[in-house]
There are 4 protein chains.
Amino acid sequence: MNAARSRLCHYGPDAIALRGRDLVGELIGKVGFTALLYHHVTGRRASAATVAVLDAVLVTLMEHGLTPSAIAARMTLHGAPDSVQGAIAAGLLGIGDRFVGTMEGCARLLDRIVAAPAKQRAALARAIAAEHRRARRPVPGFGHNLHKPDDPRTPRLLALAGKAGVGRAHVAALRLLGRAVDAAAGRHVTINATGASAALLRGIGLEAEIMRGVAVVARAAGLLAHVAEERASPIAGDVWTAVERQFGTEAP
Amino acid sequence: MNAARSRLCHYGPDAIALRGRDLVGELIGKVGFTALLYHHVTGRRASAATVAVLDAVLVTLMEHGLTPSAIAARMTLHGAPDSVQGAIAAGLLGIGDRFVGTMEGCARLLDRIVAAPAKQRAALARAIAAEHRRARRPVPGFGHNLHKPDDPRTPRLLALAGKAGVGRAHVAALRLLGRAVDAAAGRHVTINATGASAALLRGIGLEAEIMRGVAVVARAAGLLAHVAEERASPIAGDVWTAVERQFGTEAP
Amino acid sequence: MNAARSRLCHYGPDAIALRGRDLVGELIGKVGFTALLYHHVTGRRASAATVAVLDAVLVTLMEHGLTPSAIAARMTLHGAPDSVQGAIAAGLLGIGDRFVGTMEGCARLLDRIVAAPAKQRAALARAIAAEHRRARRPVPGFGHNLHKPDDPRTPRLLALAGKAGVGRAHVAALRLLGRAVDAAAGRHVTINATGASAALLRGIGLEAEIMRGVAVVARAAGLLAHVAEERASPIAGDVWTAVERQFGTEAP
Amino acid sequence: MNAARSRLCHYGPDAIALRGRDLVGELIGKVGFTALLYHHVTGRRASAATVAVLDAVLVTLMEHGLTPSAIAARMTLHGAPDSVQGAIAAGLLGIGDRFVGTMEGCARLLDRIVAAPAKQRAALARAIAAEHRRARRPVPGFGHNLHKPDDPRTPRLLALAGKAGVGRAHVAALRLLGRAVDAAAGRHVTINATGASAALLRGIGLEAEIMRGVAVVARAAGLLAHVAEERASPIAGDVWTAVERQFGTEAP
């Protein structure tokens, strides 16, 4: 068998290397977590601008209150108090199509627009908006049931990318698409944080297919905070009681 | 019901706040992922020294090759190729007692030594070493079947803590314990990376109980790299074949 | 809020009822696990024929050696030896699109054929086979890289359904589709066990969308056997070594 | 390397065998799921009495309303609607020490009593009860915050074991322990369903260490019903809203 091999890590008794860089001599104390994450996943060194953009997305996605993920993590910790990894993993399993899937869907639309000749991009954006409207499907990366008319995170993320000089083409495509979506809807539809994140992450060269992994890492940190708070000041037992009372079968 | 509430996040249509800090105005683009992780989990602002130490531990724990976690993640991706979150979660579930549990066990021993009056610490370290030896149990944080006689990561991590001026008491306790372990064994036993990480994480005030959560976040990033590589250059199918052939039931 | 409520279970201090049946008086000792599983998931009582068919599918799907799922479970147990639930959950996470997804895809094709007027079914089956062939996609439920030219489980499952008088329409559709697939390929392509299972499970009225849940239950039992064997006679450490050596980065 | 091998399954192109029994010729259609589960996990054929007892425990543990596990599964499905396996796995991760851990703890106490000479068993039971009372720890398998003064499932399970002629020694030990717990408490404390299940599962020879795996299989079926109901009649979105409102940070 002449199988492929993993090229991520090499180690021996005296040394460990990540993608060829010596962990002890070149990485620990010299490269931050965000920069190493980028390098390790993509195989490319992270510039300061890339780190700034990725940090901004990680910070944006870390936490959003008692989300389904946070509830799942706390419920799991309640039953298995010693399994911190199980609680966090349970919360991560919900990082799926409904929320972060829109990041990937948006990234693919932006790629289509960016790949088109410059003169045809606006028309393509309009076609995409119209096509979603006809199918009564939301355009991924657009709309938010809480943050409206505008998602406050979006302008901040886009400004930051501009300042870092990163993702110009994808951010421009996102703005084009935004105008097309507004026109098709006949009203303003917010570009949400996953839409902005999609533009930024594509801007630093992350593929749509693994984008939700960035959300997984960010949210793992947020869920750890929920685990720590749940241990110190538990709510899971009361949540259980409340959910059973409000959503369980009533006594016959 | 006058139940406890989560105090991690507040949000409304126009703003999101993490532990009272405005996400858009104070965090995105201003605070890095590592610093926010620390603040969010502990409720305390991270100094530059704290960020340096936490970054070093995260970088250290991110990756170690085709570990059981990486194998589990790749196997899971093979069966469920669209579920990046499922693959990473499967890998994280193995971050349990055998490996990172030693970080927590070591942290607890260091806490005992630090809590003792200064004059009694060496004696306590000797008692701990002797007690483990009698019970034929390894002292958590000591020994490594590959990295011997010394784990190359340990001196780097301890030096970095020294330079940052963090965790003096716990690092001193670890060194005391190291001398006691060597004396009890009659030979040098390495302080491994989980031992050094335990000293550093206690040094920045993280509780033993949630320490494995730091490993979970770090390893989530490493597993994302395995997922990305597995998608680009798959090995899971060949691993399956090899494992079945070498470890499956032989034909009767 | 006038929200929906779960109607699966009602309990009070003296009694527990599942879908209105008293657990103590009507279920324990009177209804077997397979029959209750069916009733609980579908809300319909299971006839003896239904139990026979569901039991056959559960038995078929329980185990298939050192599959990716079994490897993931054993790797996870190696790192977290006390977390039996974590090991089984890790293994279950790989029960996704690649393998059991074909069961769902096949079920949907069979539904299309069954829904067509009787005279048009053969033509529809041929159209489906041709459409997949043009797109170079395998027809879900057909082909097997090991069990060829024929999957030994398939005739047994189909015979059993025939004897039980269950799923006549879906089994007939599967046979029609099989003939069409053979004709389109110009050679015999096996109907695999997931194809046969799809016909049987649709035959007892389970929806395609939750079919993989049946595989999850069956495989949970198989993975428990792997967990038990791994505890008694561990192979995970040796698997790790072998995989790292054969698939890890070679020394530079 | 002369490593151990898995002995659970052997397969070739024409046949699959589980622990040496031909899947097609000996198992499908001839052995039920519960009987095969037992045989596969333990390596021993299941008698009719064993199947009756194991079925009773599986039926007992399948469902208990909107438990933390069911809530976690529904939350996960809400975020990842296509990942039925992820939702069930998330729910299973909470089957840990707090609830089913008591089954294992109880099994170990019963083993100690059964292992003692007959004349000393009552005294040992009293010593165990007293020791837990002194440490203010509940005796595993005893007490229930809802089902009191008595858990209705317990007498049914114990009667069924008696009728099946299974687990006589462990059931007797459980009754002895029950009398000792009542005497130590000065009031009646119920033997709960996990206590009774522990006696029955030890009675059919399952080890304490893997007992929670039986709960995992049973609960996987229950969670599949929650997944099916959630798809047909969703509550997760409303649960999220209710939990955020009642347990989230209030507006400042």
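This report describes the interface between chain A and chain B in a predicted model.

**Extent of the contact**

Chain B brings 82 residues to the contact, and chain A brings 82 residues. Together the two chains bury about 6,600 Å². Carbon and sulfur atoms give 75% of that area. On the side of chain B, the residues that lose the most area to chain A are B:Ile28, B:Phe33 and B:Gln85. These three residues together make up 11% of what that side buries.

**Polar links**

How many salt bridges are there between chain B and chain A? The count is zero. Polar contacts are found, however: 18 residue pairs across the interface, with both residues at pLDDT 80 or more.

**Make-up of the chain B side**

Helix α11 of chain B, residues 211-232, gives the most to the side that touches chain A. Its share is 15 residues. By class, the residues on this side of chain B divide as follows.

| Class of residue, chain B side | Count |
|---|---|
| Nonpolar | 47 residues |
| Polar | 17 residues |
| Charged | 18 residues |

**Symmetry**

What rotation superposes chain B on chain A? A turn of 180 degrees does so, with 0.0 Å of shift along its axis and an RMSD of 0.0 Å. The two chains are therefore related by a two-fold axis. In chain B, B:Ala89 has the C-alpha nearest the axis, at 2.4 Å from it. Both copies use the same surface: 100% of the contact residues of chain B recur in chain A.

Technical notes
Residues numbered from 1 in each chain as written. Chains lettered and ligands numbered in written order. Predicted model: local features only at pLDDT ≥ 70, side-chain atom pairs only at ≥ 80, totals over all residues. Heavy atoms only, no water. Contact = heavy atoms within 4.5 Å. Buried area = accessible area lost by both parts, 1.4 Å probe. Salt bridge = Lys/Arg side-chain N within 4 Å of Asp/Glu carboxyl O. Polar contact = N/O pair within 3.5 Å; in protein donor to acceptor, adjacent residues only side chain to side chain. Helix = DSSP H or I, 4+ residues; strand = E, 2+ residues; numbered from the N terminus. Nonpolar A, V, L, I, M, F, W, Y, C, P; charged D, E, K, R; others polar. Least-squares fit on C-alpha atoms with pLDDT ≥ 70 in both.
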